[in-house]
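The following exercises concern secondary structure, salt bridges, the nonpolar core and surface patches. Please work through each task with the model at hand before reading its solution.

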Amino acid sequence: MALSRAVARTMLASIFISQGVKAVADPSSTVVQGEMLRDRVSPLVRRVAPDPIAARLPEGVAAWSRIRGVAEILGGLGLSTGIGRRGSALLLAACNVQDLLATGALRRTALSDPDVLTKVALTGSVLLAAQDTEGRPGIGYRSRKAGRRAAVEGRRARTAARRTARAARRGAGQVATELTSDLAA
């Protein structure tokens, strides 16, 4: 991993870690986001999750604010350490989009607000970090390349099989000629 990538990811992650710590320590600072999570995510989890898990979901906004804060901390730590960095970046992008939606920051009048523009820029940054493969080819490229390699190997195998079959036919013809000449003699 390049040092510049590690430093850049750590710098980007620092703001999310600090926001997460703030949300865990003082959930009242993220009440709007906690309400949105409680109202939109909780019903979905209750429908999908098994009953023992669904029964343990918190009801209070403060608990949902803390859950969101923990998600930001974990996402920031994953991004900064490089462990699960792409998934962590997507988690942070989801937190940012949820923040923009919950606070109504995407209204036309709010788009001139520097804080909103900062959130939008951070969302774009973590989406770029999610796409970063550290110079290694992505899965799509590797699968296409493997498919082409398999096709080439398949053609080579078919060519070798045809050559072997021709040689076997020639050899069988020579053996038959020798047998007929031995029988005639």
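The chain holds seven helices and zero strands, where helices (H or I, at least four residues) and strands (E, at least two) are DSSP runs numbered from the N terminus. The model is predicted, so local features need pLDDT of at least 70 and side-chain atom pairs count only at pLDDT 80 or more, while totals for chains, interfaces and linings use all residues. Residues are numbered from 1 along each chain as its sequence is written, and side-chain values use heavy atoms, with hydrogens and water left out.

**Exercise 1. Element order and burial**

Task: State the order of the elements and the share of residues that count as buried.

Solution. Step 1: from the N terminus on, the order reads α-α-α-α-α-α-α. Step 2: apply the burial classes, with buried under 20% relative accessible area, exposed over 50% and partly exposed in between (1.4 Å probe, protein chains only). Step 3: of the 185 residues of the chain, 28% are buried.

**Exercise 2. Salt bridges**

Task: Determine how many salt bridges the model contains, and describe the pair Arg46 and Glu59.

Solution. Step 1: the criterion is a side-chain nitrogen of Lys or Arg within 4 Å of a carboxyl oxygen of Asp or Glu. Step 2: this rule yields six salt bridges. Step 3: one of them joins the side chains of Arg46 and Glu59 at 2.7 Å, N to O. Step 4: Arg46 belongs to helix H2 (residues 31-48) and Glu59 to the loop between helix H3 (51-55) and helix H4 (61-81), so this contact ties together parts that are 13 residues apart in sequence. Step 5: Arg46 is partly exposed because its relative accessibility is 31%, whereas Glu59, at 56%, is exposed.

**Exercise 3. Two pairs within helices**

Task: For Arg68 and Glu72, and for Glu153 and Arg156, give the N to O distance and decide whether each residue is buried, partly exposed or exposed.

Solution. Step 1: Arg68 and Glu72 form a salt bridge at 3.5 Å. Both lie in helix H4, four residues apart, about one turn of the helix. Step 2: Arg68 has a relative accessible area of 5% and is therefore buried; Glu72, at 1%, is buried. Step 3: Glu153 and Arg156 form a salt bridge at 3.0 Å, and both lie in helix H7, three residues apart, about one turn of the helix. Step 4: Glu153 is partly exposed at 41%, while Arg156 is exposed at 53%.

**Exercise 4. The largest nonpolar core**

Task: Identify which element gives the largest share of the largest nonpolar core.

Solution. Step 1: such a core is a set of buried Ala, Val, Leu, Ile, Met, Phe, Trp, Tyr and Cys residues joined through side-chain atoms within 4.5 Å. Step 2: the largest one has eleven residues, including Leu12, Phe16, Leu79, Leu92 and Val126. Step 3: two or more residues come from each of H1, helix H5 (85-102) and helix H6 (114-131). Step 4: H6 gives the largest share, four residues.

**Exercise 5. A nonpolar surface patch**

Task: Characterise the patch formed by Leu3, Val7 and Met11.

Solution. Step 1: patch residues have over 30% relative accessible area and no salt bridge; like charges are joined within 9 Å, and nonpolar side chains (Val, Leu, Ile, Met, Phe, Trp, Tyr) within 5 Å. Step 2: together, Leu3, Val7 and Met11 have about 330 Å² of accessible area, computed by the Shrake-Rupley method with a 1.4 Å probe, where for residues only the protein chains shown count as cover. Step 3: Val7 lies in helix H1 (residues 3-25) and is partly exposed at 41%.
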